[in-house]
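The exercises below ask for a careful reading of one structure, and each is followed by a worked solution. Please attempt every task before turning to its solution.

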There are 2 protein chains.
Amino acid sequence: VSFRCRLCGEDYSFREPRYRCECGGFLDVPAGTFSAEATPEFSVGSIWRFKEAYGLPTDAAPVTLGEGGTPIIQKTIDGFSVLFKLDFLNPSGSFKDRGASSLLTYMKWLGVRRAVEDSSGNAGAAVSAYAAAAGITCTIYVPSYTPDGKVVQSKMYGSEVVKVPGTRHDANSAAVAASRSSFYASHLWHPFFVSGLSSAAFEIWEDCSAGMPGSVLLPIGSGGLLEGLYRGFSALKETGHISCAPKLIGVQASRCAPIHDAFRRHLDDYADVEAERSVAEGISVARPPRARAVLQALRGSGGYTVAVDEDRIIAAAKTLARIGLYVEHTSAAAFAAWFTIDRRDREDALVILTGSGLKETGTYGSYF
Amino acid sequence: VSFRCRLCGEDYSFREPRYRCECGGFLDVPAGTFSAEATPEFSVGSIWRFKEAYGLPTDAAPVTLGEGGTPIIQKTIDGFSVLFKLDFLNPSGSFKDRGASSLLTYMKWLGVRRAVEDSSGNAGAAVSAYAAAAGITCTIYVPSYTPDGKVVQSKMYGSEVVKVPGTRHDANSAAVAASRSSFYASHLWHPFFVSGLSSAAFEIWEDCSAGMPGSVLLPIGSGGLLEGLYRGFSALKETGHISCAPKLIGVQASRCAPIHDAFRRHLDDYADVEAERSVAEGISVARPPRARAVLQALRGSGGYTVAVDEDRIIAAAKTLARIGLYVEHTSAAAFAAWFTIDRRDREDALVILTGSGLKETGTYGSYF
């Protein structure tokens with residue numbers, strides 16, 4: 001088994017530590033085999049019930065913190081039945097734990113000792129948590145303007161946090177430069193991060209035994225979760241477990257909507273947009289590197305994109321809290337979009353709530 | 001079915017809104033029937049799999065946010081295998097959701113429209129979340145010195161937060177006074193809060209099918225969780241599901257250890273102690289009203305208490321984070337105690353991690 005470049009078709013052994021192809025293209029991993037295994041002891045809800053599906057080396061021992069198996073609950077909103085998958089109830093507080101668990105499992109198998117990553121948000125926290133669980137030393141590069149409070153969690157996990165002067169892009173460059181001597185545990189680039197995210201699709205299928213949702217709404221920044229879901233639902237379809245996969249509805253903030261713009265304009269890659277700061281920080285990605293694959297997944301699923309304004313995002317966060325669901329603005333964006341879609345799609349929708357409201361005490365506190 | 005006073009034996013109908021007996025004693029609910037039901041749709045991990053056990057009216061419809069079903073993971077520490085139950089992955093970020101789900105289910109069945117509670121911590125957040133889910137208006141009374149950041153979550157859920165001048169006790173008195181016109185949704189007093197907490201015992205039994213832990217370590221403030229676990233394990237023993245219940249090991253901060261003191265001195269009720277401020281805020285309860293029942297449960301289980309110093313609690317919080325488990329100081333106290341107990345008890349222990357580290361960004365931030 002090996003990585004294969006999506007662009008030029010070059011193969012690389014799993015034993016070679018790299019995050020992308022020499023040509024600059026994304027690497028893929030083979031689709032793996034989908035099968036729901038018996039529950040492993042002490043990991044009832046874990047993503048590892050479906051481990052064959054992630055394409056990992058078969059002798060890799062899971063680096064797990066009990067991620068996945070998050071609840072799906074049903075609520076009645078405006079007379080519609082809506083399902084919510086509470087992915088903010090993952091160990092570090094976001095869906096990224098699915099990808100980090102899979103990626104760090106690969107890295108531990110490879111014998112990696114030092115990792116670098118560039119994210120002050122959920123991905124940085126998730127990679128830090130699983131690096132800690134794997135016993136791998138981790139350095140997180142963040143822009144120098146990052147508030148200290150945002151990286152406390154990563155520091156507690158034991159990561160070194162390095163502030164890089166300049167923009168988000170400069171932090172990225174610093175991580176890439178450091179990857180010459182450390183493994184770049186990139187939530188954006190690494191195929192095992194994305195394949196781990198596909199676990200959410202398997203769980204939705206398993207929990208919705210009485211009938212799959214017709215559409216799945218989720219926030220998209222770089223779009224890794226959407227890619228992962230598409231990968232997962234496609235595997236379920238190919239193996240005959242479902243006859244029809246849900247439409248994937250990707251939600252962006254109007255203030256930063258390069259994929260939404262591209263989708264509407266039938267582009268193959270993200271659109272150049274004037275990005276403004278949004279409360280939905282987790283999806284404020286102006287130049288999403290995986291946009292081509294994300295647009296393909298959106299179209300392949302029969303889905304579409306929605307962009308939502310700031311006031312609607314904030315209102316949705318409050319509405320969710322008022323029914324007991326305390327989530328990040330980024331997650332609330334997906335619910336804000338639900339109010340705007342076709343009645344038919346609203347009727348049997350599932351909304352993925354991706355990140356915990358406990359990470360936004362500062363912003364939410366300013367509302368009172 | 002009815003409430004029965006633990007002190008004087010008086011019975012009260014479930015239809016009567018009250019939180020304690022006229023004589024001042026605690027009310028009990030009948031033990032219910034233990035049986036593991038088939039998983040209800042969309043609530044895979046929910047405490048409602050065991051709903052017969054909580055003694056609720058049979059026609060009460062669950063007020064659920066997907067609580068319970070939290071992962072148990074295994075780690076090797078100092079050469080020992082230790083189990084951790086990640087109860088901080090409940091919807092509002094703590095184990096209190098188990099009790100709040102059960103209590104608000106009862107309150108909704110009763111037709112309650114307005115609730116009051118007194119807690120700026122996990123209980124306040126949990127009651128607020130489930131009041132929101134139940135559509136019940138909620139007011140939380142907190143001491144006026146409570147930092148604003150601590151009650152943001154409750155406010156987002158829609159609770160009104162009222163700051164009461166004076167001590168913690170004055171906030172309590174305000175809630176009791178308000179309970180003449182509103183239902184006192186007391187995590188301390190209400191029997192349905194405690195019976196909901198017993199769900200953790202059923203989950204431990206179910207996940208540890210290969211062998212029950214010999215001891216369960218948990219933080220005790222008012223001690224409701226310990227009472228709930230004892231109730232749950234006793235039900236499992238009485239119905240023949242287990243032959244031997246785990247020892248319950250209750251952990252307090254040395255700076256506020258009224259139950260630990262009472263246990264060592266063979267008292268029936270809590271000891272008068274000079275309480276000092278501890279980082280483990282969730283267990284800083286100087287006069288725990290349920291202490292008699294908690295001491296009985298401790299002794300009945302063959303367990304004991306441990307008190308841990310501040311520096312050990314802080315060190316344990318850091319150690320846990322360094323293996324990927326980001327929890328409150330209060331939860332870390334239980335792990336700090338693990339290092340101090342007999343080798344025999346350390347060998348097959350389960351530690352309940354009760355609250356999320358994401359609630360303590362401020363304090364943890366001060367460590368860097």
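**Exercise 1.** In this predicted model, determine which residue of chain B comes closest to the rotation axis, and state how the two copies are related.

*Solution.* Begin with the axis: of the residues of chain B, Leu89(B) comes closest to it, with its C-alpha at 2.6 Å. Next, consider the operation itself, a rotation of 180 degrees with 0.0 Å of shift along its axis, which superposes chain B on chain A with an RMSD of 0.0 Å. The two copies are thus related as by a two-fold rotation axis.

**Exercise 2.** Describe the contact between chain B and chain A by its residues, its buried area and its counts of salt bridges and polar contacts.

*Solution.* Start by counting participants: chain B contributes 48 residues and chain A contributes 48 residues. Because 100% of the interface residues of chain B are also interface residues in chain A, the copies meet through the same surface. Then take the area, which amounts to about 3,900 Å² buried between chain B and chain A, with 70% of it on carbon and sulfur atoms. Turning to specific pairs, the count of salt bridges between the two chains is 0, and the count of residue pairs in polar contact, with both residues at pLDDT 80 or more, is likewise 0. Finally, assign the surface to elements: those of chain B that give two or more residues to the side touching chain A include the strands β4 (72–77) and β5 (80–86), as well as the helices α2 (122–134) and α10 (310–321). By class, this side of chain B has 28 nonpolar, 13 polar and 7 charged residues.

**Exercise 3.** Work out the strand order of the open sheet of 4 strands in chain A, and identify which strands lie at its edges.

*Solution.* The order in chain A is β8-β7-β6-β9, and the pairing is parallel. The edges are β8 (160–164) and β9 (183–184) of chain A, since each of them pairs on one side only. To examine one of these pairings, note that β9(A) runs parallel to β6 (residues 114–117) of chain A and is joined to β6 by 2 bridges; Val116(A) stands opposite Tyr184(A) in β9(A).

**Exercise 4.** How many salt bridges are found over all chains, and which parts of chain A does the pair of Lys85(A) and Glu203(A) link?

*Solution.* A search of the whole structure gives 39 salt bridges over all chains. In the salt bridge between Lys85(A) and Glu203(A), the closest N and O atoms are 2.8 Å apart. Locating the partners places Lys85(A) in strand β5 (residues 80–86) and Glu203(A) in helix α6 (residues 199–207) of chain A, so that the pair, 118 residues apart, links distant parts of the chain.

Definitions and conventions. Residues are numbered from 1 along each chain as its sequence is written. Chains are lettered from A and ligands numbered from 1 in the order in which they are written. This is a predicted model: local features need pLDDT of at least 70, side-chain atom pairs count only at pLDDT 80 or more; totals for chains, interfaces and linings use all residues. Side-chain values use heavy atoms; hydrogens and water are left out. Copies are superposed by least squares on the C-alpha atoms of residues with pLDDT of at least 70 in both. Contact means heavy atoms within 4.5 Å. Buried area is the accessible area (1.4 Å probe) that two parts lose on being put together, summed over both. A salt bridge is a side-chain nitrogen of Lys or Arg within 4 Å of a carboxyl oxygen of Asp or Glu. A polar contact is a pair of N or O atoms within 3.5 Å; within protein, one must be able to donate a hydrogen and the other to accept it, and residues adjacent in sequence count only if both atoms are side-chain atoms. Ala, Val, Leu, Ile, Met, Phe, Trp, Tyr, Cys and Pro count as nonpolar, Asp, Glu, Lys and Arg as charged, and the others, Gly among them, as polar. Two strands pair if DSSP finds at least two bridges between them.
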